[in-house]
Amino acid sequence: MKELKVSDLKDNMFNAIGDEWMLVTAGTPEKFNMMTASWGGVGVLWAKPVAFIFIRPERYTYEFIENGDGVTLSFLGEEHKGIHSICGARSGRDIDKVEATGLKPFVTAGGNIGYEQARMVLECRKLYADMIDPENFIDKSLVSRWYGGEHGNFHKMYVLEIEHVWVK
(Lines give C-alpha, C1' and ligand atoms only; values in the text may rest on other atoms or scores of the structure.)
Protein backbone atom coordinates (compact mmCIF):
# COMPACT_ATOMS: atom_id res chain seq x y z
CA MET A 1 0.00 0.00 0.00
CA LYS A 2 1.12 3.56 -0.55
CA GLU A 3 0.66 6.51 1.74
CA LEU A 4 -1.71 9.31 0.81
CA LYS A 5 -1.77 12.68 2.54
CA VAL A 6 -4.88 13.07 4.66
CA SER A 7 -5.58 16.33 2.80
CA ASP A 8 -5.66 14.37 -0.49
CA LEU A 9 -8.41 12.02 0.71
CA LYS A 10 -11.30 12.27 -1.78
CA ASP A 11 -13.63 9.52 -0.52
CA ASN A 12 -17.22 10.31 0.34
CA MET A 13 -16.95 9.21 3.96
CA PHE A 14 -20.74 9.14 4.40
CA ASN A 15 -20.81 6.32 1.84
CA ALA A 16 -17.56 4.71 3.00
CA ILE A 17 -18.69 4.41 6.63
CA GLY A 18 -22.46 4.15 6.32
CA ASP A 19 -22.79 1.96 3.22
CA GLU A 20 -19.46 0.21 2.66
CA TRP A 21 -18.73 -0.12 6.40
CA MET A 22 -15.31 -0.38 8.03
CA LEU A 23 -13.29 -2.76 10.14
CA VAL A 24 -12.15 -1.20 13.41
CA THR A 25 -8.98 -2.97 14.53
CA ALA A 26 -6.87 -2.56 17.66
CA GLY A 27 -4.23 -4.54 19.48
CA THR A 28 -0.70 -5.67 18.79
CA PRO A 29 0.69 -7.73 15.91
CA GLU A 30 0.69 -10.69 18.31
CA LYS A 31 -2.91 -10.25 19.53
CA PHE A 32 -5.56 -8.04 17.96
CA ASN A 33 -9.23 -8.02 17.13
CA MET A 34 -11.43 -6.35 14.57
CA MET A 35 -15.13 -5.56 14.32
CA THR A 36 -17.43 -4.18 11.67
CA ALA A 37 -18.72 -0.66 12.26
CA SER A 38 -21.05 1.62 10.34
CA TRP A 39 -21.27 4.51 12.79
CA GLY A 40 -18.64 7.23 12.83
CA GLY A 41 -17.27 10.08 10.84
CA VAL A 42 -14.29 12.21 9.95
CA GLY A 43 -13.51 15.90 10.20
CA VAL A 44 -11.26 18.43 11.83
CA LEU A 45 -11.04 18.91 15.59
CA TRP A 46 -8.32 20.59 17.64
CA ALA A 47 -6.62 21.55 14.35
CA LYS A 48 -6.12 17.85 13.56
CA PRO A 49 -7.66 15.50 11.01
CA VAL A 50 -9.80 13.15 13.07
CA ALA A 51 -12.11 10.19 12.85
CA PHE A 52 -14.67 9.39 15.49
CA ILE A 53 -16.04 5.95 16.22
CA PHE A 54 -18.53 4.46 18.67
CA ILE A 55 -17.87 1.12 20.39
CA ARG A 56 -20.06 -0.69 22.92
CA PRO A 57 -18.13 -1.91 26.00
CA GLU A 58 -19.42 -5.47 25.57
CA ARG A 59 -17.61 -5.81 22.24
CA TYR A 60 -14.34 -7.76 22.39
CA THR A 61 -12.59 -5.09 20.30
CA TYR A 62 -13.34 -2.58 23.07
CA GLU A 63 -10.75 -4.23 25.32
CA PHE A 64 -8.08 -3.85 22.66
CA ILE A 65 -8.94 -0.20 22.00
CA GLU A 66 -8.86 0.55 25.72
CA ASN A 67 -5.45 -1.09 26.19
CA GLY A 68 -3.57 0.62 23.37
CA ASP A 69 -3.13 3.92 21.57
CA GLY A 70 -3.48 2.85 17.94
CA VAL A 71 -6.64 2.01 15.99
CA THR A 72 -7.07 1.35 12.28
CA LEU A 73 -10.19 1.85 10.20
CA SER A 74 -10.02 -0.43 7.16
CA PHE A 75 -12.32 0.01 4.18
CA LEU A 76 -12.56 -3.23 2.21
CA GLY A 77 -14.94 -2.22 -0.56
CA GLU A 78 -18.43 -3.50 -1.33
CA GLU A 79 -17.07 -6.81 -2.61
CA HIS A 80 -16.10 -7.86 0.94
CA LYS A 81 -19.50 -7.64 2.66
CA GLY A 82 -19.13 -11.30 3.66
CA ILE A 83 -16.09 -10.40 5.78
CA HIS A 84 -18.07 -7.59 7.39
CA SER A 85 -20.94 -9.96 8.11
CA ILE A 86 -18.67 -12.33 10.03
CA CYS A 87 -16.75 -9.57 11.83
CA GLY A 88 -19.99 -7.84 12.79
CA ALA A 89 -21.89 -10.88 14.01
CA ARG A 90 -19.21 -13.11 15.53
CA SER A 91 -16.95 -12.40 18.49
CA GLY A 92 -13.20 -12.80 18.43
CA ARG A 93 -13.63 -14.38 21.86
CA ASP A 94 -15.26 -17.35 20.10
CA ILE A 95 -13.59 -17.60 16.69
CA ASP A 96 -10.40 -16.65 14.92
CA LYS A 97 -11.79 -13.98 12.61
CA VAL A 98 -8.68 -13.94 10.41
CA GLU A 99 -9.07 -17.65 9.74
CA ALA A 100 -12.86 -17.44 9.38
CA THR A 101 -12.73 -14.57 6.87
CA GLY A 102 -9.48 -15.10 4.99
CA LEU A 103 -8.30 -11.62 5.99
CA LYS A 104 -4.60 -11.03 5.36
CA PRO A 105 -3.28 -8.76 8.11
CA PHE A 106 -0.21 -6.58 7.67
CA VAL A 107 1.62 -4.46 10.22
CA THR A 108 1.96 -0.77 9.48
CA ALA A 109 5.15 1.17 10.16
CA GLY A 110 3.40 2.42 13.31
CA GLY A 111 2.85 -1.14 14.54
CA ASN A 112 -0.90 -1.24 13.85
CA ILE A 113 -2.87 -3.80 11.86
CA GLY A 114 -4.34 -3.26 8.41
CA TYR A 115 -5.53 -5.77 5.81
CA GLU A 116 -4.26 -6.53 2.33
CA GLN A 117 -7.86 -6.68 1.09
CA ALA A 118 -8.47 -3.08 2.14
CA ARG A 119 -8.71 -0.38 -0.49
CA MET A 120 -7.96 2.18 2.23
CA VAL A 121 -6.72 2.09 5.83
CA LEU A 122 -6.86 5.06 8.19
CA GLU A 123 -4.16 4.62 10.81
CA CYS A 124 -5.15 6.54 13.92
CA ARG A 125 -4.10 7.46 17.44
CA LYS A 126 -6.58 7.91 20.29
CA LEU A 127 -7.02 11.52 21.43
CA TYR A 128 -10.22 11.48 23.51
CA ALA A 129 -12.84 9.06 24.77
CA ASP A 130 -16.07 9.37 26.71
CA MET A 131 -19.16 7.28 27.35
CA ILE A 132 -22.39 8.33 25.71
CA ASP A 133 -24.58 9.61 28.56
CA PRO A 134 -28.37 9.10 28.29
CA GLU A 135 -28.92 12.32 30.25
CA ASN A 136 -27.27 14.35 27.48
CA PHE A 137 -29.66 13.30 24.69
CA ILE A 138 -31.73 16.20 23.45
CA ASP A 139 -33.78 13.87 21.24
CA LYS A 140 -34.79 11.31 23.88
CA SER A 141 -36.35 9.01 21.25
CA LEU A 142 -32.83 7.95 20.23
CA VAL A 143 -32.27 6.31 23.62
CA SER A 144 -35.13 3.84 23.28
CA ARG A 145 -34.45 3.31 19.59
CA TRP A 146 -30.74 2.46 19.89
CA TYR A 147 -30.08 1.39 23.49
CA GLY A 148 -31.23 -1.18 26.01
CA GLY A 149 -32.79 -4.59 25.50
CA GLU A 150 -31.64 -6.23 22.27
CA HIS A 151 -29.61 -3.16 21.29
CA GLY A 152 -27.07 -3.30 24.12
CA ASN A 153 -25.30 -0.79 26.28
CA PHE A 154 -24.37 2.79 25.53
CA HIS A 155 -21.37 3.32 23.29
CA LYS A 156 -18.06 4.85 24.14
CA MET A 157 -17.08 7.55 21.66
CA TYR A 158 -13.45 7.78 20.60
CA VAL A 159 -11.91 10.72 18.78
CA LEU A 160 -8.90 9.49 16.80
CA GLU A 161 -6.21 11.52 15.08
CA ILE A 162 -5.71 10.25 11.53
CA GLU A 163 -1.94 9.91 11.33
CA HIS A 164 -1.62 7.98 8.06
CA VAL A 165 -3.85 7.06 5.14
CA TRP A 166 -2.84 3.91 3.24
CA VAL A 167 -4.39 3.15 -0.16
CA LYS A 168 -3.97 0.52 -2.87
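Before the strands, one term: a residue counts as buried when its relative accessible area is under 20%. Keep that cut-off in mind. What you have on screen is a predicted model.

Let's start with β6. G70, T72 and S74 point one way from this strand. V71, L73 and F75 point the other way. Both sets are buried. That makes six of six residues in β6 buried, so the strand is largely enclosed by the rest of the structure.

What does β6 pair with? One partner is β2, antiparallel, over three bridges. There, V24 stands opposite L73. Another is β9, also antiparallel, joined to β6 by six bridges. In that pairing, G70 stands opposite R125.

Now the core. The largest nonpolar core has 27 residues. V24, I53, L73, F75 and L122 have the most contacts inside it. Several elements give two or more residues: the helices α1 and α2, and the strands β2, β3, β5, β6, β9 and β10. β10 gives the largest share, five residues. There is also a second, separate core of 13 residues, and it includes L103, F106, A118 and W166.

Back to F75, at the end of β6, which spans 70-75. Which residues does F75 touch, beyond four places in sequence? On the list are M13, A16, I17, E20, W21 and M22. A118, R119, M120 and L122 complete it.

Take M13 from that list. M13 sits in helix α1. Its relative accessibility is 10%, under the 20% cut-off, so M13 counts as buried. Its own contacts, again leaving aside sequence neighbours within four places, are G18, V42, F75, M120 and L122. M13 and G41 are 28 residues apart along the chain, yet their C-alpha atoms are separated by 6.9 Å.

Compare K81, in helix α3. Is K81 buried or partly exposed? At 21% relative accessibility, K81 counts as partly exposed, because buried means under 20%. Outside four places in sequence, K81 touches D19, E20 and W21. K81 and T36 are 45 residues apart in sequence, and 9.9 Å apart C-alpha to C-alpha.

Next, β10. Nine of its twelve residues are buried, so call the strand mostly covered. Which strands pair with β10? Among them is β1, antiparallel, over three bridges. K2 has V167 as its bridge partner there. β5 pairs with β10 over six bridges, antiparallel again. In that pair, A51 is matched with L160. Then β9, joined to β10 by eleven bridges, also antiparallel. V121 has W166 as its bridge partner in β10.

Last stop, E123. This glutamate lies in strand β9. E123 is buried, and it has no salt bridge. How far away is the nearest side chain of opposite charge? That is R125, and it is 10 Å away. What E123 does have is a polar contact of 2.5 Å, side chain to side chain, with T108. Not counting residues up to four places away, E123 touches V71 and T72. It also touches T108, G110, G111 and N112. The remaining contacts are E161, I162, E163, H164 and W166.

To recap. β6 is largely enclosed, with six of six residues buried. β10 gives the largest share of the largest core. And E123 is buried without a salt bridge, but in polar contact with T108.

How values were computed
Residues are numbered from 1 along each chain as its sequence is written. This is a predicted model: local features need pLDDT of at least 70, side-chain atom pairs count only at pLDDT 80 or more; totals for chains, interfaces and linings use all residues. Side-chain values use heavy atoms; hydrogens and water are left out. A nonpolar core is a set of buried Ala, Val, Leu, Ile, Met, Phe, Trp, Tyr and Cys residues joined through side-chain atoms within 4.5 Å. Buried means under 20% relative accessible area, exposed over 50%, partly exposed in between (1.4 Å probe, protein chains only). Helices (H or I, at least four residues) and strands (E, at least two) are DSSP runs, numbered from the N terminus. Contact means heavy atoms within 4.5 Å. Lys and Arg count as positive and Asp and Glu as negative; His and the chain ends are not counted. A salt bridge is a side-chain nitrogen of Lys or Arg within 4 Å of a carboxyl oxygen of Asp or Glu. A polar contact is a pair of N or O atoms within 3.5 Å; within protein, one must be able to donate a hydrogen and the other to accept it, and residues adjacent in sequence count only if both atoms are side-chain atoms. Two strands pair if DSSP finds at least two bridges between them.
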